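Hi everyone, thanks for coming. Today I'd like to walk you through a structure with a few chains in it, and we'll look at how they meet.

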Amino acid sequence: MQRLTALYQTTLGKKAVVAVTGLILYGFVVGHMLGNLKVFTGNDAAGEPHIDIYAHFLRTMGEPMVPYSFLLWVARIILIAALVLHVYTVVLLSRRNHAARHENYADPRYSQASAPARWMMVSGVLLLAFIVFHLLQFTFGKIGGAPFVEGAVYANLYHAFHQWFFVGLYVIAMAALALHVNHGVWSLFQTLGLDNPDRNRIFRLLATLSSVGLFVGFASVPLLFFLGLMPSPPTGEAVHLTEGVM
Amino acid sequence: MDFNAKIPDGPIEDKWTGHLESIRLVGPRNRPKYKIIVVGSGLSGGATAASLAAMGYKVNCFCFQDSPRRAHSIAAQGGINAAKNYRNDGDSVFRLFMDTQKGGDYRAREANVYRLAQCSTGIIDQAVAQGVPFAREYGGMLANRSFGGVLVQRTFYCRGETGQQLLLGANSSLAEQIRNGGVKMHTRSEMMDLVVVDGRTRGIVYRDLVTGEVRSESADAVVLATGGYCNVYFLSTNAKGCNVTAIWRAYKRGAAMANPNFVQIHPTCIPASGDHQAKLTLMSESLRNDGRIWVPKNQDDQRKPSDIPEEDRYYYLEERYPRFGNLVPRDVAARNAKDVCDSGMGVGSTGYGVYLDFCDAIHEQGEKAVNAKYANLFEMYERITSDDPRHTPMRIYPAPHYTMGGLWVDYNLMTTIPGLFAVGEANFSDHGANRLGASSLMQCLADGYFVLPATIGDYLSRHPSAEISADDQHFKAVEHEVRDRLLKLMSIKGNRSASSLHRQLGKLMIDHCGISRNQQGLEEALRKIPQMKEEFGSQLSVPGSDDQVNQALEHAGRLSDFYDFAELMCRDALHRDESCGCHFREEHQTAEGEALRNDEKFANVSAWQYRGEDNEAELYQESLEFEAAPLAQRNYKT
Amino acid sequence: MKLHLRIWRQKDGSSPGQFGEYDLDGVRDEMSFLEMLDVLNEQLIDGGEEPVAFDSDCREGVCGMCSLVINGKAHGPLAGTTTCQLYMRHFNEGDVVTIEPWRSSAFPVLRDLIVDRSAFDRIMQAGGYVTLHSGPKPEPNSIPIEPEVAEQALDAATCIGCGACVAACPNGSAMLYTAAKVSHLGLLPQGQPERYGRVKKMVDQMDQEGFGACRNYAECEAQCPKEISINFISQMNRDYLKATLSEPVDRRSKMSSQ
């Protein structure tokens, strides 16, 4: 622990923290996206949407060894901590960078810095705002005109994504995510010192595929709902589910 | 005046070891009491400062650049010689000594040259231990390449940047000592004068190039590692900042200047392209390993070089010197290039250029192999000329490159002022009238790592450390002189830049005291230099003030010393009425146009002693003994 | 060729600076960029005006003294080229050329285009060496080094310390410089005993100098006149993390049983 705090005192240490927390958040979005794809797999024999069952599973997993929702809360705590640390550290680093280069060139030009790399802060701030919005909408059910039913994930999505502004907002947010991941996923391996010429292609391919895959995977949900290509939710859904997917 | 070189007795191979065992030492507890100033942070200065500090001396090191790593040693490309005999091709310390002595046309001190050869192997060991990434063979052993003037492969190299890597090695040791507090580094600080108190060197006066302040630093001994003075020609391969001021100021305080006319003109440089030219760029001599030098036989051959058939090409070095071919020593290669160009066979827009052609090498070894050796040089050439040497032969022409002359030093590297030492290119010691390729790095590091750290102890042990304050009146008086000189330059208020005046002096010097010299030309130069100096004194423009960064003032100060120095160079060249090595007096040549020495009269070192502003310098001679390597006519033909 | 030059003029570190505008005629293709500035300066001096102060020394692309941000790029538009090796044939008649100093808080401007890069030297002094004296050393061939490794070390050691990486980095980071210096010795057997201590000391010094944090833009690599690879940054990150997290700091204390 002493070593970790010592590491965090240094710029490289802070960067490593951003990289590791970034990796955690990346793992989460990939899992989240895969979970989301359950909306396309239909309903089970009892007529309950797979996505709703999956959301329920997230709470019951690990039972009976651990109590209901325990692992979900563990995950949530880790994710919140990672997010807070990620954002806070980036703020510290950005302040350092502004101090290090307080005066810019009359006409700065880039040779190879990619747009996603240069737009990291913009995409990051967008994502942060989006996360707040997204939680309010689908976890706490505070936003959105249609009636929000906890646990009725499919129905909630169905209602929300028939409104064009929600769809637009989600697609824009996912574009920001794609940009962020495009640079971030390669960058974290570089920062952790794992990149080298032998592996560089793999890491860059992973970053590109992740960014495309996450965008397609995530954005397809609102888009397909909006385009009316998804069946309407079954009526009389099970009511034992209490919350949406985080 | 003492011109005893203090060469130790005994057979040549035992002189240095015997000397090391018999000279006086300073004990480790006393070393921190001694303050030593090292001026210059290149290979010799950096190595000296680092080694002295590692021994425990308190060192102040000065350089005019913004970092010790910028010293011009960094630009050495080709390599460093050492008698390791890794190739088992007959190399030995004695053979390196012989090659150096012969290459120098027997105008160097035997004992020094032998010591240099002895130290050479230790330099490689030291550099490798510092982490210098020398080229390696597949098995991991150190690789070697050939260099001009020798028949063995003894040159160690790091691509085309051996100088930079060796300097980074020396600088890393210097950095270690700065960290440990043994060395205080003064960057952007230019030595302006030497302070001699009661016949002993006691410090320097320097100018802080950022604030313009003139300050002093006192010491028990001063080591000048300030490099050469090729910029007297304005156009040379030296860095823009290289200058003669430090050693010239030492000369004016009583240090003798030896063989100032001995200047090496490097055969393979990129020819000048116009009046705007600020400096000339060297292409490593290693290129002569694989490149073939030629000119079109037909003076007005307008064809592209690659279209000129073999029978219309004049491979003049290969024809004139069948045994060494393109690898003749530098002076011979330079003179022959001038010779063919003077006779109208030169190429390029000015007619002063010859081809260095890699077609055959690429044909024989493949482009990849040739690239592996020279890619960075090819790129550098292409960047400057926009020609790719892989398809169009390089155009090259000789340019002033290295000065064998410098402050006279004895075997201990001490000048004629007690307590003032000179190392590296700043002294005259080891290369005679011509330096072999890859030997300058060797000499700088031998002086810096091994010779001076040992010999300076002998002087210091005889002079117990006695603190002298930099506020002492002697220092204040010299500071006053320095400020006066600067104010004088600022007050001329003419309308010509130092650059344009410098260019004029350089042209005169290259024409009359360059690749070849004659009495008439030298006399003319001696007539014109004072006139030019007068023009300088009335036409110079130095805008700005002296209490800030003022590069025009820096240049003007350096140039003013070049005028006086140029005069001494020409006088020395005029006096040396023979041809030897780089010094080619047209009056003295063999029927084949080779340099003709006069060993009876000139087998000696000319050492000039300053005798005041109104008197001519006085000439002393140190006669040279040739026991181990008997005098012989240089012959690179058969 | 005629050019319009916009050059940063600043009297000293404590005065504010601004652009000076100059028209320069008679620029020739074969001139280097610095020779072009020499010509301008000669004209200024002849007219009694203060010349533009800029650093340069070897003018062969190896001493690292020359700098200049030319039209927004460190060492100008050409990749792998120092300003002194940049030739005017890469510019066109009538071009407006903007010339600025390296901009970084760790490199304060001393005058016009000259900046103070001593922070780099202090990074080297923090640990960029193998501790040794100049006494006899082991025979170098007793430690064979794979040519690939020696070449890679040389790829790092080829850094000329010019500071273009810092100038090019929108975050003012000195990672490429420090990484090149750390990796040079870190790759060679001679550098092993001090490897982890060295990376720690040099990186910490880099932090102290106030350089920014790397965001992996790789602008440094693109504008480095020696085209040094960001691979070395990754290597340094690895060594640094290892040095901080897992290298033993206390090998020799007593241990207790339980």
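Let me start with a question: how many residue pairs are in polar contact across the interface of chain A and chain C? Across that interface the rule finds 34 such pairs, with both residues at pLDDT 80 or more. And that pLDDT cut-off is a good reminder to say right away that this is a predicted model.

Let's stay with chains A and C for a moment. The contact draws 42 residues from chain A and 53 residues from chain C. Together the two chains bury about 3,800 Å², and carbon and sulfur atoms account for 50% of that. If you look at the chain A side, Arg3(A), Leu12(A) and Tyr105(A) are the residues that lose the most area to chain C, together 20% of what that side buries.

Now for the charged pairs. The rule finds two salt bridges across the interface of chain A and chain C. In a salt bridge that you can look up on the screen, the side chain of Glu103(A) meets the side chain of Arg103(C), at 3.7 Å from N to O. Please watch the chain letters there, as both residues carry the number 103.

Which parts of chain A face chain C? Several helices of chain A each supply at least two residues to that side, including helix H1 (2–9), helix H2 (11–36) and helix H4 (70–100). Sorted by kind, the residues on this side of chain A are 19 nonpolar, 14 polar and nine charged.

Let's move over to chain B. Which chains share the most contacts? Of the two pairs of chains in contact, the answer is chains B and C. Chain A and chain B do not touch, and their nearest C-alpha atoms are 20 Å apart.

Here are the numbers for chains B and C. Chain B brings 79 residues to the contact and chain C brings 76 residues. The area buried between them is about 6,200 Å², with 51% coming from carbon and sulfur atoms. On the chain B side, Arg70(B), His276(B) and Arg383(B) lose the most area to chain C, together 11% of what that side buries.

There are seven salt bridges between chain B and chain C. One to find in the viewer joins the side chains of Lys279(B) and Glu60(C), at 2.7 Å from N to O. The count of residue pairs in polar contact between chain B and chain C is 45, again with both at pLDDT 80 or more.

Helices show up on this side too. Among those of chain B that each supply at least two residues are helix H2 (43–55), helix H5 (162–180) and helix H15 (551–575). H5(B) gives the most to the side of chain B that touches chain C, with nine residues. Sorting the residues of that side gives 30 nonpolar, 31 polar and 18 charged.

Let's zoom in on two residues of chain C. Pro147(C) sits in helix H3, which covers residues 147–157 of chain C. Is Pro147(C) buried or exposed? Its relative accessible area is 15%, so Pro147(C) is buried, since the cut-off for buried is under 20%. Not counting residues up to four places away in sequence, Pro147(C) touches Arg136(B), Glu137(B), Tyr138(B) and Gly140(B).

The other residue is Thr158(C), in the loop between H3 and helix H4 (164–168) of chain C. Thr158(C) counts as buried because its relative accessibility is 8%. Leaving aside neighbours within four places in sequence, Thr158(C) is in contact with Glu161(B), Gln164(B) and Gln165(B) from chain B, and with Lys226(C) and Ile228(C) from chain C.

Last stop: the inside of chain C. Chain C is divided into domain 1 (3–111) and domain 2 (118–245). The contact between these domains takes 17 residues from domain 1 of chain C and 17 residues from domain 2 of chain C. Their centres, taken over C-alpha atoms, are 29 Å apart.

Between them, domain 1 and domain 2 of chain C bury about 1,200 Å², and 61% of that comes from carbon and sulfur atoms. The rule finds zero salt bridges across this interface, and three residue pairs in polar contact, both at pLDDT 80 or more. On the side of domain 1 of chain C that touches domain 2 of chain C, nine residues are nonpolar, seven are polar and one is charged.

That's my tour, thank you for listening!

Methods. Residues are numbered from 1 along each chain as its sequence is written. Chains are lettered from A and ligands numbered from 1 in the order in which they are written. This is a predicted model: local features need pLDDT of at least 70, side-chain atom pairs count only at pLDDT 80 or more; totals for chains, interfaces and linings use all residues. Side-chain values use heavy atoms; hydrogens and water are left out. Domain bounds come from an automatic or database domain assignment. Contact means heavy atoms within 4.5 Å. Buried area is the accessible area (1.4 Å probe) that two parts lose on being put together, summed over both. A salt bridge is a side-chain nitrogen of Lys or Arg within 4 Å of a carboxyl oxygen of Asp or Glu. A polar contact is a pair of N or O atoms within 3.5 Å; within protein, one must be able to donate a hydrogen and the other to accept it, and residues adjacent in sequence count only if both atoms are side-chain atoms. Ala, Val, Leu, Ile, Met, Phe, Trp, Tyr, Cys and Pro count as nonpolar, Asp, Glu, Lys and Arg as charged, and the others, Gly among them, as polar. Helices (H or I, at least four residues) and strands (E, at least two) are DSSP runs, numbered from the N terminus. Buried means under 20% relative accessible area, exposed over 50%, partly exposed in between (1.4 Å probe, protein chains only).
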